[in-house]
Amino acid sequence: MVDQQGRRTSRERDAKDVQLEPHRRRRDQSPLTTDQGVRVGDTDNALRVGDRGPTLLEDFHTREKITHFDHERIPERVVHARGAGAYGRFRPYDDWLREYTVAEHLVDPEVETPVFVRFSTVAGSRGSADTVRDVRGFATKFYTQQGNHDLVGNNFPVFFIQDGIKFPDLVHAVKPEPHNEIPQAQSAHDTLWDFVAQQPETLHTIMWLMSDRALPRSYRMMQGFGVHTFRLVNADGRGTFVKFHWTPALGTHSLIWDECQKVAGKDPDFNRRDLWDAIDSGQFPEWELGVQIVPEEDEHAFDFDLLDATKIIPEEQVPVRPVGRMVLDRNPDNFFAETEQVAFHTANVVPGIDFTNDPLLQARNFSYLDTQLIRLGGPNFAQLPVNHPVAPVTHNQRDGYGQHRVDVGGTSYYENSLGGGCPALADEGVFRHYTERVEGDKIRRRSPSFDDHYTQCALFWNSMTKAESAHIVAAFRFELGKVVHREIRAQVVGHLVHIDPQLAARVGAGLGIDVSEGQDRAPATTGNSPALSQVGTGDGRLDGRKVAFLVADGVDARPVEQLKAALQDRGAVPEVLAAADAPVSTSDGGTMDVDRAVSTMASVLYDAVAIPGGPDAAGALSRDGYVMHFIAEAYKHLKPIAALDTGIGLLNSAVGVDVADGTDSGEAVTIDGIVTQSAHGGELPIGFLAAFTDALAMHRAWDRAVDHIPA
Ligand code: HDE
């Protein structure tokens, strides 16, 4: 299948790949068999004595079928249980990074490296909703010719804690509370905020968690970060500190909290579906990999510690330099075999990439392998197709659960002579651990250079636009408002005073907490980092942005066709919604196909709304409660709205005040993301089409005067 842009869809690619990978099986014409290959003639009736008698133990097919079913589940990930994955490829732009690393997949523009990426939420169980307030996982497995390299990152550049030993405490605090297993996939509860109140090191990541970053519109519109400072190693063995960044081509965009809560009910698979649909329709998401490079001699040049994962290196201090591009272009065939069984591990590195002594990273290097042993039931999980390196694997490891490989030969030890000395040690392309001189007392203590927990919180806060900072205030009020123990609320607001008394006052006002005492304090910093705001990012493409057209009998057809075409040209997905999932009649005597019944959808599932003209249509739509609510919500959520002719009056009455001017100016008018046009004589001017698609590219009309968030 070829899509409208002439691209092959992922389905077609799959069909081709089947011939290449023997483990990938499609259903064919072969008859049903047992696991042993014996043909089965009845799989609906167990073997029994007489029509109404007992079932027999000798019915091996029934027993095998039910036994397999009983064992279908493996333990879900303790964190990041809910996810979605996709295959793709990565290619560097050029070889500038060769000065710093021998990692071929990052330095050779001739090399295209296959990847598998898994996006995830952290706190919820496997069946939880996508649109919760949470960090998102962004884990990439590069299948390089030198072995697998896993970059197991998140969509925030910082983490809650500084030392991995605290990870079980953090996760226990955010997970459902142990006595009643409530709440699911929520941070708005007492134990998380109790933990935060006791551990100010969490505050920087908490600022990110309260921001729009925790509510991504799409996995395709999320940044990714390696978080830790890693090390690159070049051909001379010289080390350089590095931070990894993924930047989405579509920009970084978020939902509004009110939408998230509603989408969680209307479409709990919102982010998964978006990723799947985009790839399936040939709109392949893209990210640019960038790096921040810090020479080893500058290790102590910052006012924070590079080994402290609760800190960023501001991009204004060390710019992010582009390395290459990743495209995700193929959906998995089987969720369990691929997305569920993929096993990431921070210690999966290749020559040219090494660790630092970041205590969080050091703990992760233990935890991921340990986790896979219980999740995947033994030490042979690297043989699963999704985990298998493309680089040759030869070693003396043997046996264990799930051994698939049949090792031939009489020796399985090194050093041998009977096996001809095989496998021999490599002398080229070997991973050699970076030589670092380390000395000191054996202590349980954190470096004093990890002590400042407030400055970068203020840096983040100062870098937000007006709308972004209002969202942060609203999020703190919501989350703390759900905390039952009022002393915990007060303790958290007490920390906010140290970040910025203004922030504390605005949060406190919503909770009845008086912070007037701290108001003469100076903020932890007055500095800012514009790169931290996500407003205005992206290259203008509208890939996968969904626009609802609200229609009824009597709709004007021509403008709908024109606007749909203009949207499709820029990659957006228009859908026509009517009272029933059946064609409507148009004002010129024709019919228009309908994609969905409006009652099965909701405004929160779309990025924008178009209300075409047609007096009869407007009359019918104005009597439809679903439609009026649909429009009012889109307005409240600051979405672009296109209204034509009689649609303008409909918009005004749905919102309750005149938000659009319906006079016959003959020109397209855009006010705060509302694009209107009357008297166009059936043809829409190019100016109107451009104004609406541009409004969609801006994501939201942030200046629209709507009280969707507390002051
Ligand atoms: Fe993880 N983390 N983590 N983590 N993490 C897991 O591994 C862990 C941390 C991240 O899609 C687990 O296979 C510890 C930071 C992602 O399969 C587990 C610590 C970052 C994923 C684990 C951290 C992450 C995981 C659970 C503190 C961002 C999902 C299942 C020292 C840089 C990978 C699994 C996937 C998954 C441990 C902190 C990202 C238990 C001990 C920081 C994206 O091993």
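# Close-ups: ligand, cavities, sheet and backbone

**View 1. Tyr 368 sits in helix 10, which spans residues 359-375.** This is a predicted model, and we start at the metal. The iron atom of the ligand gets just a single donor from the protein: the OH of Tyr 368, 1.9 Å away. So which residues come closest to the ligand? Tyr 368 is in that group, together with Arg 77, Arg 118, Arg 364 and Gln 372, out of 22 residues that surround the ligand.

**View 2. Three arginines put side-chain atoms by the ligand's oxygen and nitrogen atoms.** Take Arg 118: an N or O atom of its side chain is 2.6 Å from an oxygen atom of the ligand. For Arg 77, again with an N or O atom of the side chain and an oxygen atom of the ligand, the distance is 2.7 Å. Arg 364 pairs up with a nitrogen atom of the ligand instead, and here the side-chain N or O atom is 3.3 Å away. Pull back a little, and the elements that give two or more residues to the shell around the ligand turn out to be strand 3 (136-144), strand 4 (147-154) and helix 10. Helix 10 has the largest share, with 7 residues. Sorted by class, the shell has 10 nonpolar, 9 polar and 3 charged residues.

**View 3. The largest cavity holds about 140 Å³ of space.** Its lining is made of 17 residues, and those closest to the centre are Pro 157, Phe 225, His 245, Gln 292 and Ile 312. Which strand gives the most to this lining? That would be strand 7 (residues 239-248), with 3 residues. The lining splits into 10 nonpolar, 3 polar and 4 charged residues. For context, the model has 6 cavities of 30 Å³ or more.

**View 4. The second largest cavity comes to about 50 Å³.** The residues to pick out around this cavity include Asn 155, Asp 212, Arg 213 and Pro 216. Met 221, Met 222 and Gln 223 are also among the lining residues, as are Thr 252, His 253 and Ser 254. Gln 534 belongs to the lining too. By class, that makes 3 nonpolar, 6 polar and 2 charged residues.

**View 5. About 1,500 Å³ of space lies in the second largest pocket.** There are 44 lining residues here, and the ones nearest the centre of the pocket are Pro 392, Val 393, Thr 394, His 395 and Gln 397. Which elements give two or more residues to the lining of this pocket? They are strand 4 and helix 10. Both elements also turn up in the list for the shell around the ligand. As for classes, the pocket lining has 22 nonpolar, 17 polar and 5 charged residues.

**View 6. Seven strands make an open sheet with mixed pairing.** Reading across, the order is 15-12-11-16-17-19-18. Strand 15 (596-597) and strand 18 (669-671) are at the edges with a single partner strand each, so each has one side with no neighbour in the sheet. Now zoom in on strand 16 (residues 608-611) and strand 17 (residues 641-644): they run parallel, joined by 3 bridges. To find one of the partners, look at Val 609, whose bridge partner in strand 17 is Ile 641.

**View 7. Ile 182 and Pro 183 are joined by a cis peptide bond.** Omega for this bond is about 0°. Pro 183 belongs to the loop between helix 4 (167-174) and helix 5 (190-198). Keep Glu 181 in the frame as well, since it's in the loop between helix 4 and helix 5. What is phi of Glu 181? The value is near 55°, which is positive in a residue other than glycine.

**View 8. Another cis peptide bond joins Tyr 414 and Glu 415.** Omega for this bond is about 15°. And where is Glu 415 placed? Look in the loop between helix 10 and helix 11 (455-462). Helix 10 is also where Tyr 368 lies, the residue whose OH is the donor to the iron atom of the ligand.

Key: Residues numbered from 1 in each chain as written. Predicted model: local features only at pLDDT ≥ 70, side-chain atom pairs only at ≥ 80, totals over all residues. Heavy atoms only, no water. Donors = N, O, S within 2.8 Å, 3.2 Å for Na, K, Ca; no water. Helix = DSSP H or I, 4+ residues; strand = E, 2+ residues; numbered from the N terminus. Near = heavy atom within 4 Å. Polar contact = N/O pair within 3.5 Å; in protein donor to acceptor, adjacent residues only side chain to side chain. Nonpolar A, V, L, I, M, F, W, Y, C, P; charged D, E, K, R; others polar. 1 Å grid on protein atoms, 1.4 Å probe; cavity = no way out; pocket = protein on both sides within 12 Å on 5 of 7 lines; lining within 4 Å. Points joined across faces, edges and corners; volume = space filled by probe spheres on them. Pairing = 2+ DSSP bridges.
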